[in-house]
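Welcome, and please open the model in your viewer. We will go from the whole chain to a few selections, one stop at a time.

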2 protein chains.
Amino acid sequence: MRSEERLIFLTNDDGYDAPGFAAAIEMARRFGHVAAIAPETTRSGMSQAITMHDPLYLRQIPRNDDVELYAFSGTPVDCVKMAFDHLFRNRKVDLVLSGINHGSNSATNVLYSGTMGAAIEGSFYGCPAVGLSLCDHSRNADFTAAVHYGSQILSRIFESGVQGPLCLNVNVPVAAIDEIKGIRVCRQTRGFWREEFFRREDPRGREYYWLTGEFVNSEPEAADSDEHALANGFVTIVPVQADMTDYGRMEELKSVF
Amino acid sequence: MRSEERLIFLTNDDGYDAPGFAAAIEMARRFGHVAAIAPETTRSGMSQAITMHDPLYLRQIPRNDDVELYAFSGTPVDCVKMAFDHLFRNRKVDLVLSGINHGSNSATNVLYSGTMGAAIEGSFYGCPAVGLSLCDHSRNADFTAAVHYGSQILSRIFESGVQGPLCLNVNVPVAAIDEIKGIRVCRQTRGFWREEFFRREDPRGREYYWLTGEFVNSEPEAADSDEHALANGFVTIVPVQADMTDYGRMEELKSVF
């Protein structure tokens, strides 16, 4: 397929005007026509949430090129649904790209991530979907290496003809292109968040909390885990699927219930 | 363990004042002391979302019994984190119960469900966690059968000494107790949502959308799936785990990247 015939759908969870999204648009344009619907504002940590009890507003963001860009008041998953079930429903999407996220979505963060929520949702529509994240939360993060390796991954998806549904959780370490050691296909690292609630008082004397925390890696030595590979300078790819059944415990539980 | 020594943590995604939550509290009190933190308002469809960019408000709801009840302005997962990492952090929780949800969380809905997001999060803290849902969305749903079978499931968890971390997605069909055929341990049904966006105009002439849709079962004949068992009159239990790695595609993908 020639690149001008491809349609690539873009979304993210940092909002349509995030620098990482601009980097993703420029990267994706080299592979096909870009149509994008992204949240109006930052919706990090939105997981696979959908909006059930609020009306949703969509508006086109004017651009001076052929990229179709919309801002949507919903979650990242709402953006994907709006694209496939409404706005672009008569067009064949060849790939979904979610990101480039400002911050890591490795390990169990796949469960909380709006970036990955959108990528998983995208894969439900039968095409390859890539969630691409740079392990740097800052607004001014340098996306050079993420674009470089992201492009390599997109190229290989298109060249290999790998079949969808497919969902990839790609994380890029903070390093220069030539410091990165390559790409590794990994499994999701086991771990959890040790949270802390910062307590403050608002101007009216009402107590409130900020959720903060740090990720605790439960298996720092596991060489096939994504955290381990990232710590060793690799770009990581975790293939993601959506069947959460714990098959390993079914027999035991059948004897209990 | 005697029931007065047990601590059961309750949450939900329909809000602290939902009738299904009241039913869950009454049910859980028979098994131990109940401490509950639930969202201020309905947070259905919140998946495993966390609140990263807003302050969170907590308030105790007075009751005339020994149940400790709090309303929290965050998501269901925020409620679980508030319980384990802050408010009840010095107490050992014996079981997490999320629900009773007004509406089914079977099949792939486990991914979107705030009820199940909270249950999965609860299981990360090492104890058994149960998401309990009745397949009836209405506010006035009859929770009699859900309480009956929910109690049976809690009893068996406590009696069998089944070890955590463990997460169960329990769904109860709409039927009288004696019409229900029993309890079945199942796997998550494959399927997807075919969405429709209802377009309206607000009083200021701005167009907006409501997300609506219907679930499409991709494998209606699969006898080991939860949808099939529900349709045949069984209460379903799907054991849930949080490793989303698609192990089946790792070798293929290693050859691509």
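A residue is called buried here when its relative accessible area is under 20%, and exposed when that area is over 50%. Keep that cut-off in mind, and remember that this is a predicted model.

**Stop 1: the whole chain.** Show chain A as a cartoon and you will find 6 helices and 11 strands. Its radius of gyration is 19 Å, close to the 18 Å that the globule rule gives for 257 residues, so chain A is as compact as a globular protein of that length. Turn the C-alpha trace along its principal axes, where it spans about 50 × 50 × 45 Å. Of the 257 residues, 62% count as buried. Among contacts between residues at least 6 apart in sequence, 77% join residues at least 24 apart.

**Stop 2: the surface.** Switch on the surface of chain A, about 10,300 Å² of exposed area, with carbon and sulfur atoms supplying 47% of it. If you colour by charge, look for 24 positive and 35 negative charges, whose mean positions are 2 Å apart.

**Stop 3: helix α3.** Now select residues 114-123 of chain A. How many of the residues of this helix are buried? The count is 10 of the 10, so α3 is largely enclosed by the rest of the structure. Going along the helix, the buried residues are G114(A), T115(A), M116(A), G117(A), A118(A), A119(A), I120(A), E121(A), G122(A) and S123(A). To see what they pack against, add β1 (7-11), α2 (76-87), β5 (95-102), β6 (128-134) and β7 (166-172) of chain A. Then show the side chain of S113(A), which caps the N-terminal end of α3(A). One of its side-chain oxygens lies 3.1 Å from the backbone nitrogen of T115(A).

**Stop 4: T75(A).** Move to the loop between β4 (68-72) and α2 of chain A, where T75(A) lies. Is T75(A) buried or exposed? With a relative accessible area of 0%, T75(A) is buried. Leaving aside neighbours within four places in sequence, T75(A) is in contact with P39(A), R43(A), M46(A), A49(A), I50(A) and T51(A).

**Stop 5: S3(A).** Finish in the segment before β1 of chain A, where you can select S3(A). At 28% relative accessibility, S3(A) counts as partly exposed. Add G32(A), 29 residues away along the chain: the C-alpha atoms of S3(A) and G32(A) are separated by 4.6 Å. Beyond neighbours within four places in sequence, S3(A) is in contact with R30(A), F31(A), G32(A) and H33(A).

Notes:
Residues are numbered from 1 along each chain as its sequence is written. Chains are lettered from A and ligands numbered from 1 in the order in which they are written. This is a predicted model: local features need pLDDT of at least 70, side-chain atom pairs count only at pLDDT 80 or more; totals for chains, interfaces and linings use all residues. Side-chain values use heavy atoms; hydrogens and water are left out. Helices (H or I, at least four residues) and strands (E, at least two) are DSSP runs, numbered from the N terminus. The radius of gyration is taken over C-alpha atoms; the globule rule is 2.2 Å times the number of residues to the power 0.38. Buried means under 20% relative accessible area, exposed over 50%, partly exposed in between (1.4 Å probe, protein chains only). Contact means heavy atoms within 4.5 Å. Accessible areas come from the Shrake-Rupley method with a 1.4 Å probe; for residues, only the protein chains shown count as cover. Lys and Arg count as positive and Asp and Glu as negative; His and the chain ends are not counted. The place of a charge is taken as NZ of Lys, CZ of Arg, CG of Asp or CD of Glu. A polar contact is a pair of N or O atoms within 3.5 Å; within protein, one must be able to donate a hydrogen and the other to accept it, and residues adjacent in sequence count only if both atoms are side-chain atoms.
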